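Student: Could you take me through one part of this protein slowly? I'd like to see how a couple of its helices sit together and what lies around them.

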Amino acid sequence: MDYRYNTLKGMDGTGAGLVVHEKALGKVFQVQCLHIPASDRTPLKGLIQIVEEIVRIEHTTSPDKPIYLLGDSFGGNLALAVAARNPTIDLILILANPGQPVSYFFF
């Protein structure tokens with residue numbers, strides 16, 4: 001596949017909204033979805049590190065291809081944080097209904 005497409009879901013973390021689009025997107029993209037179980041209490045920094053690790057692995061595998069990050073709600077904050085911390089990786093962000101800025105909640 002020519003493109004890598006990672007989705008970062010909102011606080012529900014289920015990724016259920018992606019299911020209806022996965023088949024069509026899978027024709028063009030290698031689709032991955034971050035699933036955060038309701039019982040998972042990983043702090044924000046830990047979630048950012050998880051996404052960063054996936055992005056860095058994808059980048060190492062195909063450094064000349066962009067990585068699309070779709071961030072829905074809270075996932076939009078994750079996508080922005082990962083992009084800000086990895087300026088040398090070609091990331092294309094799609095922010096769908098991004099949540100409040102992280103600083104609004106944590107500072």
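Tutor: Let's go from the whole chain down to one helix pair and its surroundings. First, a word on the model: this is a predicted one, where local features need pLDDT of at least 70 and side-chain atom pairs count only at pLDDT 80 or more, while totals for chains, interfaces and linings use all residues. Residues are numbered from 1 along each chain as its sequence is written, and side-chain values use heavy atoms, with hydrogens and water left out.

The protein chain has four helices and four strands; these are DSSP runs numbered from the N terminus, helices being H or I with at least four residues and strands E with at least two. Along the sequence they come in the order β-α-β-α-β-α-β-α.

Now for the pair. Helix α2 (residues 44-61) packs against helix α3 (residues 74-85) at an angle of about 65°, and their axes are 9 Å apart. Those axes are lines fitted to C-alpha atoms over the stretch in contact, and angles run from 0 to 180 degrees between N-to-C directions. On the α2 side, the contact (heavy atoms within 4.5 Å) is made by Leu44, Leu47, Ile48, Gln49, Val51, Glu52 and Val55. From α3 come Phe74, Leu78, Ala81, Val82 and Arg85.

Some of these names return in the largest nonpolar core, which has 15 residues: Val55, Leu78 and Val82 are among those with the most contacts inside it, along with Leu69 and Leu91. Such a core is a set of buried Ala, Val, Leu, Ile, Met, Phe, Trp, Tyr and Cys residues joined through side-chain atoms within 4.5 Å. Buried means under 20% relative accessible area, exposed over 50%, and partly exposed in between, using a 1.4 Å probe and protein chains only. α2 gives the most to this core, with five residues, and the elements giving two or more are α2, β3 (67-72) and α3.

So what about β3? Five of its six residues are buried. Six bridges join β3 to strand β4 (residues 91-96), and the two run parallel; strands pair if DSSP finds at least two bridges between them. Leucine 69 of the core has leucine 93 as its bridge partner in β4.

Last stop: the loop between β3 and α3, where you'll find serine 73. Serine 73 has a positive phi of about 60° although it is not a glycine, and this residue is partly exposed, with a relative accessible area of 25%.
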